Amino acid sequence: MFVDSHAHIDGQEFDVDRPAVIQRARDAGVSAILNVGTGDPHSGVLERAVELAENHDRLYTALGVHPHDARLFDDEAERRIINLIKQSSRVIAWGEMGLDYHYDNSPRDVQMSAFSRQLRLAREASLPVIIHSREAETETIELLRSEWQGSNLPGIMHCFSGSLDLATQAVGLGMFISFSGIITFKKADDLRHVAAEMPLERLLIETDCPYLSPVPYRGKRNEPAYVIEVAKCLADLRGVSKEEMGQITSGNFARLFNLDLS
Ligand SMILES: [Zn+2]
Ligand SMILES: [Zn+2]
C-alpha cells in the first residue's frame with residue numbers, strides 16, 4: 001500500500017487519460033492520492049480540484065496559492081478557498097504555499113506576504129499546510145517560526161530538496177518531509193543523505209506529477225503509479241523493503257490527516 005502525498009492530476013496534462021491514470025495507480029497499489037490544486041485562484045482551477053476529489057474514492061485535495069502565483073492572492077481568492085473548505089470534506093490541507101526564489105515568478109515580498117497570510121488562515125481553519133520551499137530556506141523557517149509554531153498542527157515540506165539543517169528544523173516544528181522522484185536522480189547524493197537521517201515516522205513519498213518523473217521514467221510524464229519508485233529508493237536507504245516503506249509512509253499520511261485508509 002502506497003500513498004502519493006502530492007500530485008497535480010487535475011491539470012490539463014491529464015485531460016486525455018485521467019481515469020486510466022487513476023486506475024493504473026490503484027492497480028499498482030497506490031491506495032490514496034492527495035491532489036494539489038494550484039494556478040490562478042480566480043480561474044476555476046481550485047473548484048475543479050475539489051470536483052475531482054469528490055468524484056473519486058480516496059482522492060483528496062489541498063487548496064492554496066502557489067508562490068509562483070502569489071501576486072494573484074487577494075481577498076477574493078481567500079474567500080473562494082474558505083468556502084471550498086466549508087463545502088467539501090475532501091479538502092484536507094491548505095497549500096501549496098511557500099517561497100520559490102529559484103524562479104521568482106512573483107516578487108519576493110509578495111511571496112512572503114501571501115505565505116504568511118495563508119499560514120494564518122490555515123491555522124484559523126485548523127488545516128495542515130503543504131509547504132513549497134526552494135532556495136529560500138532561512139525565510140521559510142523564519143515564517144514557520146513566527147506564524148505556525150505553537151499551532152499544534154502538522155504540515156508537509158513537499159518535494160523536499162533542501163539541506164539537512166532545513167529538514168531538521170522543519171521536523172522540530174512538527175513538519176513531515178516528503179520526498180519526490182528527485183531522490184532517485186543520479187546526482188542527488190546530498191538529498192539521499194538527508195532522507196537517511198530523517199525520523200521514519202515523519203517520512204512521506206510523492207510524485208509531484210506531471211513533473212519530476214523518477215528513474216527509470218525520466219523524460220516521460222510523471223503519474224501517481226510511479227510513486228513506488230520513490231518508495232523503493234527510500235527503502236534501500238533505510239534498509240527496509242519497498243512494501244514496508246509503503247506501509248510506513250502510508251501510516252504517516254493517515255496519521256497526519258486523521259484518515260482511515262485500512
Ligand atoms: Zn511545489
Ligand atoms: Zn506541487
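The side chains of Asp-15 and Arg-18 form a salt bridge at 2.6 Å, N to O, where a salt bridge is a side-chain nitrogen of Lys or Arg within 4 Å of a carboxyl oxygen of Asp or Glu. The model is predicted, with local features needing pLDDT of at least 70 and side-chain atom pairs counting only at pLDDT 80 or more, while totals for chains, interfaces and linings use all residues. Residues are numbered from 1 along each chain as its sequence is written, ligands are numbered from 1 in the order in which they are written, and side-chain values use heavy atoms, with hydrogens and water left out.

In this first pair Arg-18 is buried at 13% relative accessible area, whereas Asp-15 is partly exposed at 41%; buried means under 20%, exposed over 50% and partly exposed in between, for a 1.4 Å probe and protein chains only. By the salt-bridge rule the count comes to 16. Asp-17 and Arg-24 also pair, at 3.8 Å, N to O, and these two residues are linked with Arg-221 and Glu-223 in a network of salt bridges. A further bridge joins Arg-117 and Asp-75 at 2.7 Å, N to O, and this pair links distant parts of the chain, with Arg-117 in helix H4 (residues 108–124) and Asp-75 in helix H3 (residues 75–87), 42 residues apart. Helices (H or I, at least four residues) and strands (E, at least two) are DSSP runs, numbered from the N terminus.

The zinc ion (ligand 1) has as its protein donors Glu-96 (OE), His-132 (ND1) and His-158 (NE2), which lie 1.9 to 2.1 Å from it; donors are N, O and S atoms within 2.8 Å of the metal (3.2 Å for Na, K and Ca), and sites may look incomplete since water is not among the atoms. Glu-96 bridges this ion and the zinc ion (ligand 2), the two lying 3.4 Å apart. Because Glu-96 lies in strand S4 (residues 91–100) and His-158 in the loop between strand S6 (155–157) and helix H6 (164–172), the pair ties together parts 62 residues apart in sequence. Glu-96 is buried, at 2% relative accessible area, and His-158 is buried as well, at 5%.

Strand S5 (129–134) is among the elements that each supply at least two residues to the lining of the largest pocket, and S5 gives the largest share, three residues. The lining residues divide into seven nonpolar, twelve polar and eight charged.

Key: Ala, Val, Leu, Ile, Met, Phe, Trp, Tyr, Cys and Pro count as nonpolar, Asp, Glu, Lys and Arg as charged, and the others, Gly among them, as polar.
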